[in-house]
Amino acid sequence: MKSSLLVGLVLAFSVAAEPMRIAVSEFELEYEISGRGEHTVLLEAGGGAGMTDWDPVFQRIAQHATVIRYSRVGNGNSTAIKRHFTSRDYADYASELLVKLNVKQPVILVAHSYGGSIARDFAAAYPNQIKALLMIDPSSEH
């Protein structure tokens, strides 16, 4: 009896820890939200990277803020694609993701590598959705 209860708890926890998926345009994006706090941080990974690239810092950020990580279309467990997207396309999907998640306050956008191009497009197109921008080794369009 005790062992089946323990197995049930372990299974319940592992299911709860799984990333979720949400419809954005005609795609499904894999995402995870953790933490609480005054600020909301959106993590934008580098080119070809899924949300797991943020594993080393995700829970540490969640100790101080609400943090959202996701895999862009074509990455991680989000919808696979066979066509090219621009960084502006990805910025549009990030904006729609925040709307679908009911994030009303501007976010602190943390971007790595190719995510920097997306972050620049996001900041230009959606200035009301961004509070601050932190770019880590960003790529250049040039």
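The following exercises, each with a worked solution, go through the sheet, the helices and two residues of a predicted model.

Residues are numbered from 1 along each chain as its sequence is written. In this predicted model local features need pLDDT of at least 70, side-chain atom pairs count only at pLDDT 80 or more, totals for chains, interfaces and linings use all residues, and side-chain values use heavy atoms, with hydrogens and water left out.

**Exercise 1. Describe the order of elements and the sheet of the protein.**

Begin with the elements, where helices (H or I, at least four residues) and strands (E, at least two) are DSSP runs numbered from the N terminus. The protein has four helices and six strands, and from the N terminus on they run α-β-β-β-α-β-α-β-α-β.

Next, take the pairing, for which DSSP must find at least two bridges between two strands. The six strands form an open sheet in the order E1-E2-E4-E3-E5-E6, with mixed pairing. Strand E1 (20-24) and strand E6 (130-136) stand at the edges with a single partner strand each, so one side of each is left without a neighbour in the sheet. From one strand to the next the twist averages 25°, where axes are lines fitted to C-alpha atoms, for helices over the stretch in contact, and angles run from 0 to 180 degrees between N-to-C directions.

Finally, compare two of the pairs. E1 and E2 run antiparallel and are joined by five bridges, with isoleucine 22 standing opposite leucine 29 in E2; in their hairpin, which has two residues between the strands, serine 25 takes a positive phi near 55°. Strand E3 (residues 40-44) and strand E5 (residues 107-112), by contrast, pair in the parallel sense over four bridges.

**Exercise 2. Place helices H3 and H4 against the sheet and against one another.**

First, set each helix on the strands. Helix H3 (residues 87-100) lies across E1, strand E2 (27-34), E3, strand E4 (66-71) and E5, and runs at about 115° to E1, while helix H4 (residues 115-125) lies across E3, E5 and E6, at about 150° to E5.

Then turn to the helix pair. H3 and H4 pack at an angle of about 65° with their axes 8 Å apart. For contact, which means heavy atoms within 4.5 Å, the residues in H3 include Tyr90, Ala94 and Leu98, and those they meet in H4 include Ile118, Asp121 and Phe122. By class, this contact has seven nonpolar, three polar and two charged residues, where Ala, Val, Leu, Ile, Met, Phe, Trp, Tyr, Cys and Pro count as nonpolar, Asp, Glu, Lys and Arg as charged, and the others, Gly among them, as polar.

**Exercise 3. Work out the surroundings of valine 110 and of asparagine 75.**

Start with valine 110, whose place is in strand E5, opposite leucine 43. Its relative accessibility is 9%, and therefore valine 110 counts as buried, a word that means under 20% relative accessible area, with exposed over 50% and partly exposed in between (1.4 Å probe, protein chains only). Neighbours within four places in sequence aside, valine 110 is in contact with Val41, Leu42, Leu43, Glu44, Trp54, Leu134 and Ile136. Valine 41 is 69 residues from valine 110 in sequence but 7.0 Å from it in space, C-alpha to C-alpha.

Continue with asparagine 75, which is placed in the loop between E4 and H3. Asparagine 75 also counts as buried, because its relative accessibility is 11%, and with neighbours within four places again left aside, its contacts are Gly48, Ala49 and Gly50.
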